[in-house]
Amino acid sequence: MGAVPLGLPSDQDASGRSFGVAELERLRAVIDSGTLTATKGTQTPELESRVAALTGRRHAVACSSGTAAVHAAVASLDPEPGDEIVTTAITDMGALTPVLYQGAIPAFADVDDTTGMVTPETVAAAMSERTRAVMVTHLFGLPARVDEIAAVAADAGVPLLEDCAQAYLTERAGRPVGSFGLAACFSTQQGKHLATGEGGVLVADDDAFARRARVFVNKGWPYGESDPDHEFLALNLRTTELASAVANAQLDGLAAAVARRQATVGRFLEAIAAMPGVAAPVVAAGDAATWWRVPLIVDPEVVEGGPRALAARLSERGVASAPRYIQKPAFECRVFREQRTFGASRWPFPLARPEALDWSRDRFPGTYRYLDRVLILPWNERYGPDDADAVAATLADALTELGVAA
Ligand SMILES: Cc1ncc(COP(=O)(O)O)c(C=O)c1O
């Protein structure tokens, strides 16, 4: 194949997104109603009940971002300053900074070097007497081993939170992710399966926890209750009726969009199955992957120059990809490394156990090995079979050029 630009659909614009008449009709209804605030509208309650239903939860709280959803979840645990939340260093920063804002410490667990996700073993190893909760992140629409991790958390008597920002309709052992813990958080940011530009939703079953999350995103104010007061330190992290209108229209098409992702990614993975040097994720029986992105493991022993060299060859042929996914583990970012938080206080880091801040390389072998070997291919619901075939053919060409015999 020659170096023809492929013009693949992008989730950053209309080529790879599915916004249309349904969104416009709902937006018009909101504008006509004159009620744009989520505290008085109808779109936001509808969105909340529908997202709760996706995961079989009793409650949902819509908010302004996935970060806000994580913040509401952590705040609703009401950790004591210095308490630890076991989590991963391979995630979006929006899943970590809320922990610090609430005075808690992200205690990083190492990850499996083929999935990039925490495991029951790494979570158990990262726990301490200060552990207040475990947060599991499902990366790229693939499920973490959350059923087993839930058991580890339950044994230790601490709640589990799930970060499902990248994992709509993903299943683990026949069960939707987002249904395993005390609460789960979704993002509706531009590139997610369900997109509104910015937005998030928290789901939970427990009445008191869900109430606290709702009050937290409302500046501590319990709308609709008798004798309300600003109950505790909190922010305005609300969504708007406009965003919820778009989310509801998007929800109508979510299952079909996920099915399209599964069909085209399935076709792509079949096409690349025999290619040496690149390994596709393994989806266990009973699990369902919904492919936010397609993470490949590139073996640098076989592919000279590893993911970076392969990404450069793909880019020359019009296929964008991201070696490493994130450039470095979260704990290497300045906010952690230099403890840049509130003035010169470094708070809450001075409250942490020293071991919780020991980010020596040898404690995170899986994390470093995964980042060194992963190559993330973008994907979205507008990819067709031809796009899947073109990406596979381009990958084959790039591998050949790197001297890998097919
Ligand atoms: C795993 C994960 N958690 C949290 C977030 C934060 O979501 P948002 O960007 O909507 O604040 C993201 C999003 O980018 C994410 O991918």
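**Ligand site, helix packing and backbone oddities**

Student: What does the polar side-chain atom of K192 lie 2.8 Å from?

Tutor: An oxygen atom of the ligand. Keep in mind that this is a predicted model.

Student: Which ligand atom does Q166 pair with through a polar side-chain atom?

Tutor: Also an oxygen atom. The distance for Q166 is 2.9 Å.

Student: And D163? Which kind of ligand atom is 2.6 Å from its side chain?

Tutor: A nitrogen atom. Its partner is an N or O atom in the side chain of D163.

Student: How much of the ligand does the protein bury?

Tutor: The protein buries 91% of the ligand's area. The ligand exposes 390 Å² when taken alone.

Student: How many residues surround the ligand?

Tutor: There are 14. The closest are G66, T67, D163, S187 and K192.

Student: What's the shell like by class?

Tutor: Nine residues are polar, three are charged and two are nonpolar.

Student: New topic. At what angle do helices α10 and α13 cross?

Tutor: Roughly 125 degrees. Helix α10 covers residues 306-316, and helix α13 covers residues 385-401. Their axes come within 9 Å.

Student: Why call α10 oblique to α13?

Tutor: Because of that crossing angle. Roughly perpendicular stops at 115 degrees, and roughly antiparallel takes over 145. The α10 and α13 angle fits neither, so the pair counts as oblique.

Student: Left-handed or right-handed, as α10 passes α13?

Tutor: The crossing is right-handed.

Student: What about α2 and α8, how far apart are their axes?

Tutor: The axes are 8 Å apart. Helix α2 runs over residues 43-54, and helix α8 over residues 241-252. They pack at an angle of about 40 degrees. That angle makes α2 oblique to α8 as well.

Student: Which hand does the crossing of α2 and α8 have?

Tutor: That crossing is left-handed.

Student: Now the backbone. Which residues does a cis peptide bond join?

Tutor: W347 and P348. Omega there is about 5 degrees.

Student: Where is P348 found?

Tutor: P348 sits in the loop between α11 (334-337) and α12 (365-373).

Student: What's phi at D78?

Tutor: Near 50 degrees. So D78 has a positive phi without being a glycine.

Student: Why flag these two spots?

Tutor: Because most residues other than glycine have a negative phi, and most peptide bonds are trans.

Student: Which loop holds D78?

Tutor: The loop between α3 (66-77) and β2 (84-88).

How values were computed. Residues numbered from 1 in each chain as written. Predicted model: local features only at pLDDT ≥ 70, side-chain atom pairs only at ≥ 80, totals over all residues. Heavy atoms only, no water. Near = heavy atom within 4 Å. Polar contact = N/O pair within 3.5 Å; in protein donor to acceptor, adjacent residues only side chain to side chain. Areas by Shrake-Rupley, 256 points an atom, 1.4 Å probe, with all protein chains shown as cover. Nonpolar A, V, L, I, M, F, W, Y, C, P; charged D, E, K, R; others polar. Axes fitted to C-alpha atoms, helices over the stretch in contact; angles between N-to-C directions. Helix = DSSP H or I, 4+ residues; strand = E, 2+ residues; numbered from the N terminus. Parallel < 35°, antiparallel > 145°, perpendicular 65-115°, else oblique. Left-handed = near helix turned anticlockwise from the far one by under 90°.
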